[in-house]
Amino acid sequence: MVKFSKELEAQLIPEWKDAFVNYKMLKKHIKKIKFSRVPKQDQTPEKDFGYSIFDSVRFVADKLFSSSDNNKQNIIQVRRKIMEDSEEEVYETELAQLFSEEDEMHVFFATLDEELNKVNQFYRKQENEFIERGDMLTKQLQILLDLKQLITDRRRKNNVPTRSSNGETFARSPDQSSHYSESCGESDETNSENSQMDEVISTLAKNGVNFVNSATRVKTKKGKPKTAMRIDIPATTPTKAITAVTSILWEDLVNSPVKEGYGDFINKRKIQYAEKMIRSAFVELYKGLGLLKTYSSLNIVAFSKILKKFDKVACQTASASYLKTVKRSHFISSDKVVRLMDEVESIFTKHFTSNDRKKAMKFLKPQVQKGSHMVTFFVGLCTGCFVSLFCVYAILAHLCGIFSPNTEAAYMEAVYPVFSVFALFSLHLFMYGCNLYMWKATRINHNFIFEFSPSTALKHRDAFLICTVFMTAVVGAMVLHLLLRAAGFFPGNVDAIPGILLLFFIAMLICPLDIFYRPTRFCFIRVIRNIICSPFYKVLLVDFFMADQLTSQIPLLRHLETTSCHILSRVFKTHHPETCSSGRLYIEITYIISFLPYFWRALQCVRRWYDDSDVAHLANMGKYISAMVAAGARVTYGRQDNNIMFFIVIITSVTATMYQLYWDFVKDWGFLNPNSRNAWLRDDLVLKNKSIYYMSMALNVVLRVTWTETVMHLRVGPIQTRLLDFMLASLEVIRRGHWNFYRLEHEHLNNVGHYRAVKTVPLPFRDADSD
């Protein structure tokens, strides 16, 4: 049977961990009470006479009478007080009789009162926040419904378009902070139409939307001032960002008193986007209410369990009276959360799923798919196939003499780059699978941090399966390539196999069919798109997290460049293969590839600084600029071996490495805090063994300075050089996977410190003059 402490640890909400009952601490106090009773029990005199047949009857009678006496006399009295300053209820327990271990009893009940007050206060605070959020969402939904009704009525009356001033016009006009705005004006209609619009506007005004009726606004032909309302929709896409630049012209056009009679400016797309935002906000609200309900149920079970342990150790019956007080407390007696959940269900079913409750519950309560044993089976199968094929490849390569001096250069140029691409990618997937496993084992809510859907998010077994399938296919293609080459087939046709394999995986990546983890593939494509278009997209954590992964895969991108170059030269005969290592265009592309991941990451820092106005993002951008300079210096030194470039490489690389190490330890991991209770770490740690953190810091330092190999120019053969480069690239991927765990641990602890368990979705409607 699993102990309740472990069961509570497995079921509690990680972000609210500190707000739960400290069950372990209460158990320690009970153990102190137990130990304080042991000497007293040892001093009881032993009976010199034997047992009688009436002892059993006497024992039962004593139990019955003692239990009835204890029920009549409560050993504790729980008093409820109201604080004058905060008007919060506080519980205090007084002992109604003296005990031999009175000090331990006082400490236990004082701690129990503190835990009860903590749970009550946290529950009340979260409940008030969710209720306030629910009221706000109800108002937002009512505004949306009124706007939809207004648009429907206008369309019904304007079936036959007359002129642009009387028709429905769509315009975009974000405000100065890159938000969209809505401008709703009156057209020159009949008196009945004006009265109907005034009725709708008054309804919107009752729901909290204030309209701008200043004299400087546009007026209709009848002299009535126009009304303006703003819809806040974040400019998170390139289209919206570009519109943010041109929208000021639209706003001047709408608000200029010279241009009169332009009519209503209602953007249909914005209304649809606002509906999507409100729907997502309702889903997050329902999720938060469900978490708060779970919080209440787990805490009441914890209180009942710990009180039963106290009764058993102290031989008292205090649990009944204290448990009655717990059940009368706010976090148990309040039914506001349950009623609000029912209200959200009914509203969501009615307005977002056309009264289809089953469809509504799929949004509100998405089912998490359980792990299949078939995935584990295929991981083992593909791993065995990969090992077997690799052994076959090694034997065939030795028998065919493929690494002899006569054939090694041509063969390595054809095979090594594509093998390195897939090997490095598979290693990165393997490290990500290890990250997923460790995050799950340490209760780090990575799906919430990355904003992934739990129903479609990749699990660690899935990552291992993709990794083994990739490597099995690659090694199988290498064996086939070797067999066809030994059989005497034309080299141009045989060398097309790596290119065909690469095109096959690209086609699999963009395949629209719902096979082989389509949500994960499309999410990957979307994130890569956001990285490439960094200035035009709002940067989320998953975006800059993936961009950091790309900075560790620069060797993969360079091997991909070499692979593409050789495929074009050998298969399509577009150029000579020698230009793939010494051509001017090849060298220029090498510089670009060495710069691009750092450049994208720097652009993300600029966008985050623009959105958050935090100077720390500019300091982070400086780290990537220094890495760009160091990377460019090392590429140049690889082609111009002289003393000047050597000193430039040393200076730039040491500067970039120190910058990166500082940012890793202080900013990304939160370490090197001299005032921390964990020496030179941070106050809160997920792993219990502190030595792991110190060893990880040392390992990160060692793996950060692997660039020194590039300036040593070790005199080894071509094959050894290739293997050494591959080993250094693999070490960088391993360092990145090692970095990933501590980076997300730090982010998780930030969420725990702020009790962030649900996502806060921005709401669309707000006052136009609030800027």
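Leu503, Ile506, Ile510, Phe522 and Ile525 together make a nonpolar surface patch of about 450 Å² in this predicted model. Two helices, α17 (496-510) and α18 (518-532), each supply at least two residues of the patch. The larger contribution is that of α17, which gives the most to the patch, with 3 residues. Ile525 is placed in helix α18. Its relative accessibility is 32%, so Ile525 counts as partly exposed. That value also fits its place in the patch, because patch residues must have over 30% relative accessible area.

From the surface, the description moves to the interior. The largest nonpolar core holds 71 residues, and those that touch the most other members are Trp16, Phe108, Phe109, Leu112, Phe282, Tyr295 and Phe310. Many elements feed this core: at least two residues each come from α1 (4-11), α2 (23-42), β2 (89-95), α4 (102-157), α7 (268-314), α8 (319-328), α10 (336-352) and α11 (357-364). Among these, α7 has the largest share, 20 residues.

Phe310 shows what such a position looks like at the level of single residues. With its neighbours within four places in sequence left aside, Phe310 is in contact with Ile30, Ile33, Met105, Phe108, Phe109, Cys315 and Ala318. Two of these partners, Phe108 and Phe109, are themselves listed with Phe310 among the residues that touch the most other core members. Another core lies apart from the one just described; it has 56 residues, among them Phe419, Cys523, Trp600 and Tyr693.

Helix α10, one of the elements that supply at least two residues of the largest core, can be followed through two of its residues. Thr349 is in this helix, and because its relative accessibility is 10%, below the 20% limit, Thr349 counts as buried. Beyond its neighbours within four places in sequence, Thr349 is in contact with Ser354, Asn355, Asp356, Arg357 and Ala360.

The other residue is Glu343, which also lies in α10. Is Glu343 buried or partly exposed? At 38% relative accessibility, Glu343 counts as partly exposed, because that class covers values between 20% and 50%. Glu343 can also be related to a residue elsewhere in the sequence. Tyr286 is 57 residues from Glu343 along the chain, and the C-alpha atoms of the two are separated by 9.8 Å.

Conventions. Residues numbered from 1 in each chain as written. Predicted model: local features only at pLDDT ≥ 70, side-chain atom pairs only at ≥ 80, totals over all residues. Heavy atoms only, no water. Patch = residues over 30% accessible without salt bridge, like charges linked within 9 Å, V, L, I, M, F, W, Y side chains within 5 Å. Areas by Shrake-Rupley, 256 points an atom, 1.4 Å probe, with all protein chains shown as cover. Salt bridge = Lys/Arg side-chain N within 4 Å of Asp/Glu carboxyl O. Helix = DSSP H or I, 4+ residues; strand = E, 2+ residues; numbered from the N terminus. Buried < 20%, exposed > 50% of the residue type's maximum accessible area, 1.4 Å probe, protein only. Core = buried A, V, L, I, M, F, W, Y, C linked by side-chain atoms within 4.5 Å. Contact = heavy atoms within 4.5 Å.
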